[in-house]
Amino acid sequence: MAPDEMDANLRLSPESSGSRVLSDDPFNVRYDNCIVGAGLSGSVIAENYARLLGQTSLIIEKRDHIGGNCYDYIDDDTGIRVSLYGAHLFHTKHERVWEYVQKFTEWVPYEHKVLGLVNGKHVPIPVTIDTVNELFNLNIQTTEEMDEWLKNEQIIPVDEKETPENQKNTVNELFDLNIQTTEEMDEWLKNEQIIPVDENGNPREPENSEEVALMRVGQRLYDLIFKPYTKKQWDKYPAELGPEVLSRIPVRNNHDGRYFSDPHQALPKNGYTAIFEKMLSDPKITVLTSTDFFEVRDKLQCNRLYYTGPIDTYFADLGWPKLEYRSLSFERVVQKDTPGYFQPASVVNHPQAQNMDGEEVDFTRIVEYKHLLNQTSDHTIFFIERSTDEGDPYYPVPNQENQDLFQKYKEMAEKEDGVSFAGRLANYKYFNMDDAILNALELFDEDTAAMFDKKTEENSVVESE
């Protein structure tokens, strides 16, 4: 069912901590918790309160559906399950998260692979041996050969303020060497053909994403893939972004074309929306969609508030500058009478600003959902994604100016009595799905530790009697 066909308000009957109370007006009921946002963070918190403590929660969701950015549905024209806000591929190394999500659905093992269209060729992303061989007409076969190629390509940032001793220590640590003297260091720099340095040049840690990329893959791959893609995604060049942006992207010295390396990688058999429907099915949880928290906050009756929206919006009345976010737009394209596929993989990135014909490429990637879970249809559907400044906030922009401003908002948040801030928008930090779940679980632990201690103490008294 498409989102515009959903009821304006989805209500899961409210219930007090004691007997069940049904009401046409949810604002006439007092809840243990009010939660802003029916995405991963808010839903996990509400589910845990209901299941573990028997507490009630009212979830207020601005959109007309539950599930946040994970929301998916069956497309009417093709019968293919698609995601409304871009592909979501679940992966985690956290055993607690993997165990938790098993409660709500059956998972199908799936290891995601991404291709990038670079110079007219589909190559693996992240960079692997096969990426390098294809782009530069090489024949690298082994990990050792790939290491040697990367070593010759890599560029080490320098810091004129560091001492020769620090310079030697950094290089020794990075490359497992035993350079002892300034003369040996000078000779190593010459032999490795690192960027030109003056007499005071010294290696240092990267300060931005450009230096991260140059240090890991060198100038050629940086210019072909990392620099243009980053500009399209963030409307900033890598030099304008913190090192964490490109540090997240792996570079492989083998043929492993998987996008993720986590031990648990899977897709929900019946889609993500079904997970949220089950997660929020407890009668102690009430959900209001198409409802703006800031328009109803004065009507709320709750003992505690959880806020998962943008932290700067919560404190808008302060009149401070807004934090910077990037959003996405999705152009839906249906191809009828296409029993096969439009493209060779579910996700194909388009990092370059122009194609081989010199035409502008203003989008970052194309997602064809038919590939996922081997769906079958006589037709296909794909979404062309573009990064934009307008629309719902997706990605916090990680630079020092934004981080400094966020710290001011965070200090205000810590002073809010009875309010907890959860999720990526409230923490101004990019979370993968598993990160968002873990963050919510740990926040629940922190906020309820005293309740569980009291419960344990009461059980001990009963047992002693």
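How many bridges join strand 7 to strand 13, and do the two run parallel or antiparallel? In this predicted model, 3 bridges join strand 7 to strand 13 (residues 347-349), and the two run parallel. Local features need pLDDT of at least 70, side-chain atom pairs count only at pLDDT 80 or more, and totals for chains, interfaces and linings use all residues. Residues are numbered from 1 along each chain as its sequence is written, and side-chain values use heavy atoms, with hydrogens and water left out.

Strands here are DSSP runs of E with at least two residues, helices are runs of H or I with at least four, and both are numbered from the N terminus; two strands pair if DSSP finds at least two bridges between them. Along strand 13, Val 347 stands opposite Val 114, while Val 348 is the bridge partner of Leu 115.

With strand 8 (residues 121-125), strand 7 shares 5 bridges in an antiparallel arrangement. Here Leu 117 stands opposite His 122. The hairpin of these strands has 2 residues between them, and Asn 119 takes a positive phi near 55°.

The wider setting is an open sheet of 7 strands in the order 8-7-13-14-15-12-16, with mixed pairing. Strand 8 and strand 16 (395-396) stand at the edges with a single partner strand each, so one side of each is left without a neighbour in the sheet. Strand 7 (residues 114-118) is largely enclosed by the rest of the structure, because 4 of its 5 residues are buried (under 20% relative accessible area, with exposed over 50% and partly exposed in between; 1.4 Å probe, protein chains only).
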